[in-house]
Amino acid sequence: MGDMANNSVAYSGVKNSLKEANHDGDFGITLAELRALMELRSTDALRKIQESYGDVYGICTKLKTSPNEGLSGNPADLERREAVFGKNFIPPKKPKTFLQLVWEALQDVTLIILEIAAIVSLGLSFYQPPEGDNALCGEVSVGEEEGEGETGWIEGAAILLSVVCVVLVTAFNDWSKEKQFRGLQSRIEQEQKFTVIRGGQVIQIPVADITVGDIAQVKYGDLLPADGILIQGNDLKIDESSLTGESDHVKKSLDKDPLLLSGTHVMEGSGRMVVTAVGVNSQTGIIFTLLGAGGEEEEKKDEKKKEKKSKNISSISILKGLLMSAITVIILVLYFVIDTFWVQKRPWLAECTPIYIQYFVKFFIIGVTVLVVAVPEGLPLAVTISLAYSVKKMMKDNNLVRHLDACETMGNATAICSDKTGTLTMNRMTVVQAYINEKHYKKVPEPEAIPPNILSYLVTGISVNCAYTSKILPPEKEGGLPRHVGNKTECALLGLLLDLKRDYQDVRNEIPEEALYKVYTFNSVRKSMSTVLKNSDGSYRIFSKGASEIILKKCFKILSANGEAKVFRPRDRDDIVKTVIEPMASEGLRTICLAFRDFPAGEPEPEWDNENDIVTGLTCIAVVGIEDPVRPEVPDAIKKCQRAGITVRMVTGDNINTARAIATKCGILHPGEDFLCLEGKDFNRRIRNEKGEIEQERIDKIWPKLRVLARSSPTDKHTLVKGIIDSTVSDQRQVVAVTGDGTNDGPALKKADVGFAMGIAGTDVAKEASDIILTDDNFTSIVKAVMWGRNVYDSISKFLQFQLTVNVVAVIVAFTGACITQDSPLKAVQMLWVNLIMDTLASLALATEPPTESLLLRKPYGRNKPLISRTMMKNILGHAFYQLVVVFTLLFAGEKFFDIDSGRNAPLHAPPSEHYTIVFNTFVLMQLFNEINARKIHGERNVFEGIFNNAIFCTIVLGTFVVQIIIVQFGGKPFSCSELSIEQWLWSIFLGMGTLLWGQLISTIPTSRLKFLKEAGHGTQKEEIPEEELAEDVEEIDHAERELRRGQILWFRGLNRIQTQMDVVNAFQSGSSIQGALRRQPSIASQHHDIRVVNAFRSSLYEGLEKPESRSSIHNFMTHPEFRIEDSEPHIPLIDDTDAEDDAPTKRNSSPPPSPNKNNNAVDSGIHLTIEMNKSATSSSPGSPLHSLETSL
């Protein structure tokens, strides 16, 4: 009664809170007191609550809230609470300003070299030697007109201007990228909602709106968004390893440890808490604040590490490019020195020195232009643009991508392991058949047909033994279906009561949640839920519900036709299984058994923790069949997958007959095919040896034919995924996508190449472990993800084909031209323009091609498919040949053909020649038309197909053409161009269009004939990966770094990729095999960059603390838990001994090599989850084709 009195006092406090709103701190408890309280642990906290406030209801009274009704929800009251206790929001780290990004872009080594050369050239161009000495210093054109000689500065200035353009474009790209990532981050956060009680109504509100005094409902799978104190809990267990580093689950109860902390995961049970701290005052918030203070030092350390890494990378990549440019410069300088001082026998005069230096600077600039073109730094940009564009568009297709590279990996998926409920089916459950009072009803019976005592057991049993958070609400629109809130299976049972014209809410009002004596909540090991009620006479009654075969094994009696309990033998059980359960299951129904047991008043109180003795000797009330219809669009989507070479497997906790029926409806199973449907127990028996250890060879015998795995535990799901990924049976390493919604799906989602979490039904833990969130929980969205993934891959290949052609031609032209004619046919500024076309603009044009259905008509490429196929190599070399022939013909015979002055061997500061302008113009137009050729990479004939579907492509090609006209006609001295006549323009365009015709010729040559062509850009082969990398299942960029600098990280990676391409280019030139050209290994150091948050309660930060700046809110604190399953015996006893024996091997799992993070071995219902935050979100594992170019720091 005392409690009830307290409640009423508390609630009157809410009503009065509006009158008192004028005072600021008029709550009976201050922010500082609450903070001090939340920093205590278990017994200390309990003592403090009892001494200072009496109990948790005392705290509710002081916070002016009601434990049952919650806050009133009045806006003025909520604002006041926010003013006093703060908002549930942690301010994010400021993004980099545009100027900072400009500064970063300026750090590019090639640009720095160009800047220096341009400045030297600029300075020297103002020096004029004394009049008489001009002739002595070699040929320096003073030009025909007065003042032409003074234009020497223009080239230097133009180069500087181009550098500014390149830097601004780069910085803008980085800026928009970062903006996009932040948008994505905030979108993910806005999606996070939490259940609270306000004004007696259970509502879901965005996490940021939670305030101190709110009554929040916590349930299995939640990530707690704020600190609070437990008011009422059922079997509540919390994983606090994210804060304490302690791996064991902590049991929470009113009499032992009532404190719940933000950033921790609910692993079992349910309950209600009063929120006592939010935002920066919560435990997670305090850690963030400490991190913020220590942020600068960390930043410096980080920057140093970054500098070191980027120095390593850039030095390697630039060495390759420098080799080419150095040879060019050396040849030019030697040629000049020998010609001037040896052949012409001129003396070195002091006053001529600046002129000679100008020559050397000119040669140096030519060398740098070779370098600029030799280093194709556009690839990282293309990868980024393609991924970012896809991610944006995928949102419209209900795919919320959390990790960019998951998008590309999905294109190579060869297997999808899908859940049944909600993904393949509609998750709209209804009871359609029932076995009650020994009759099998094919549709729900009338209430009159059921004896009153059975009906009363049924009504009480279902109402009390379903989570109180599950309820059926009236439809949102008139004529619509009622809304199911909470667990869908429980909603089906509550719907059954409504069909029987009974109201479950009356029973719940009579027996509120606090009155439940003990609750054994549902989990994947029990596969059942039980609730104990204490009756007024001191006796107890337990209601149980769960998978029919499990509960029936524990039933010793059954309610007969007249409502009396009669003996239920194993023989009777087998009869029911054959005549009731199997027929229901074969129609695709999920069967649930409902039962109860009484404990008489006179006997001593049972040992409630000994679950095996409690949940046995039950009396069966009824067995119900629940229908969950297949989504109408799923069979078609599965057909598309199968046509695209992707095997779909169903992994479900349901009965094998139900699973088989649904799989047949979906099209996963085809009659007459050779396939396997196994139960979890069966599967475990087949894959383990005598010692109970899993053997890969055994798994390899099963998985290729396995299509349905029923009655499976999350451990089985993880074992299957790991087995398929590690398998070496097929030529290609399998790429596995997995869907999951429960907390225990974490390990499988994490292990898979791509983990899909359910946006609607998924728990927070599952979402944290996933790569992509399906916002509509629909299987068809996975097919869209496959399409986008393949499209990303093709876009990058298209870009590569285009860019490498330009590269090969430009480098050879600049190099040979410079060596033969003493001057690069393409000037520095022109090179920068070509570089802009082939990098930024081409990556925009080719990386934004929309996907087509035809992408699903081919098989997956596989992990080790080279990024540059033989067809592409044929195209690259073929087009390069055509372009080189055209350019060299124009270069060495163009003046005769067009009857103009030769531009070769022009003196220093000579005005631009028509000859070289034609060469430049034709070269650019060939690239433009070749960009259209590059749209097809599989040897298709029609390169114009669907060209108008991509507005960006058309705009860029036309835009480039217009700018080219302006440069040639009006560019003048800065662009080293002179105006061309209409006839010269037409010839340039004609030669440019020749690439389209030449392309048709190339595609006529069968690739199979060209045996000498090698592929390039292989994925890493398994044997090349160091052992520790395989063992650790390594991921490449440490997590903090990825989260903090998602925007820049791609830019940094770019430098590494440049080197990769340098290998390709050099290999082209040397004509050698490019087999291994694109291989890299991530550094072991970054793999072991282990990050932990330990004992942060005591605010003592240990070294290696993660910097979660970009996670702008509490709920993202554990943005990426890493799960590993390790050896363990189940901690929750299996309810049935016979089951325990069968399942013993199921629960043991071969443990992977020990993780570096020793302090995190969380125990969960027979599964050890190691939650680490040290692994990155990247799943582009060392095998993916893109990995070869996407090698990380």
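This report walks through a sheet, a hairpin, a surface patch, a buried arginine and some salt bridges in a predicted model.

## The eight-stranded sheet

Let's start with the open sheet. Eight strands make it up, in the order E8-E26-E25-E24-E9-E21-E23-E22, and their pairing is mixed. At the edges you'll find E8 (399-401) and E22 (676-679); each has a single partner strand, so one side of each is left without a neighbour in the sheet. Going from one strand to the next, the twist averages 20 degrees.

To see how two of these strands are held side by side, look at E24 (residues 736-740) and E25 (residues 754-758). They run parallel and are joined by four bridges. One pair to look for is Thr739 with its bridge partner in E25, Phe756. A helix packs on this sheet too: H23 (residues 680-687) touches E22 and strand E23 (706-710), and the direction of H23 makes about 100 degrees with that of E22. Keep H23 in mind, as we'll come back to this helix with the salt bridges.

As background, strands of a sheet pair through backbone hydrogen bonds, either parallel or antiparallel. The sheet's E24 and E25 gave us a parallel pair; for antiparallel ones, let's move on to E10.

## Strand E10 and its two partners

Is strand E10 mostly covered or mostly open? E10 (residues 430-436) is mostly covered, with five of its seven residues buried. E10 runs antiparallel to E20 (residues 618-627), and six bridges join the two. Within that pairing, Val431 has Ile626 of E20 as its bridge partner.

E10 also runs antiparallel to E11 (residues 439-441), this time with three bridges. Here Ile436 has Lys439 of E11 as its bridge partner. E10 and E11 form a hairpin, with two residues between them. One residue in the turn, Asn437, has a positive phi of about 35 degrees.

## A nonpolar patch on the surface

Now for the outside. Phe98, Val164, Leu168, Phe172 and Trp175 form a nonpolar patch on the surface, and together they have about 440 Å² of accessible area. Which helix gives the most to this patch? That's H8 (residues 153-190), with four residues. Phe98, on the other hand, is found in helix H6 (residues 98-105). With a relative accessibility of 33%, Phe98 counts as partly exposed.

## A buried arginine

Arg508 sits in helix H17 (residues 504-510). Is Arg508 buried or exposed? Its relative accessible area is 5%, and buried means under 20%, so Arg508 is buried. Leaving out residues up to four places away in sequence, Arg508 touches Ser463, Cys466, Ala467, Tyr468, Ser470 and Leu494. Take Tyr468 from that list: 40 residues separate Tyr468 and Arg508 along the chain, yet their C-alpha atoms are 8.0 Å apart.

## Salt bridges

Side chains of opposite charge can pair when their charged atoms come close. How many salt bridges does the structure hold? There are 29. Here are a few of them, with the N to O distance for each.

| Pair | N to O distance |
|---|---|
| Lys518 and Asp609 | 3.9 Å |
| Glu549 and Arg711 | 2.9 Å |
| Arg685 and Asp682 | 2.4 Å |

Let's take the Lys518 pair to begin with. Lys518 lies in strand E14 (residues 518-520), while Asp609 is in the loop between strand E19 (590-599) and helix H20 (611-614), so this pair ties together parts that are 91 residues apart in sequence. Lys518 counts as buried at 17% relative accessibility, whereas Asp609 is exposed, at 60%.

The Glu549 and Arg711 pair links distant parts of the chain as well, 162 residues apart. Glu549 is in helix H18 (residues 548-553), and Arg711 is in the loop between E23 and helix H25 (714-726). Glu549 counts as partly exposed, at 23% relative accessibility, and Arg711 is buried, with a relative accessible area of 15%.

Back to H23, as promised. Arg685 and Asp682 both lie in this helix, three residues apart, which is about one turn. Arg685 is exposed, at 58%, while Asp682 counts as partly exposed, at 23%.

Salt bridges can also link up into groups: Asp77, Arg80 and Arg81 form a network of them.

Conventions. Residues numbered from 1 in each chain as written. Predicted model: local features only at pLDDT ≥ 70, side-chain atom pairs only at ≥ 80, totals over all residues. Heavy atoms only, no water. Pairing = 2+ DSSP bridges. Axes fitted to C-alpha atoms, helices over the stretch in contact; angles between N-to-C directions. Contact = heavy atoms within 4.5 Å. Patch = residues over 30% accessible without salt bridge, like charges linked within 9 Å, V, L, I, M, F, W, Y side chains within 5 Å. Areas by Shrake-Rupley, 256 points an atom, 1.4 Å probe, with all protein chains shown as cover. Salt bridge = Lys/Arg side-chain N within 4 Å of Asp/Glu carboxyl O. Buried < 20%, exposed > 50% of the residue type's maximum accessible area, 1.4 Å probe, protein only.
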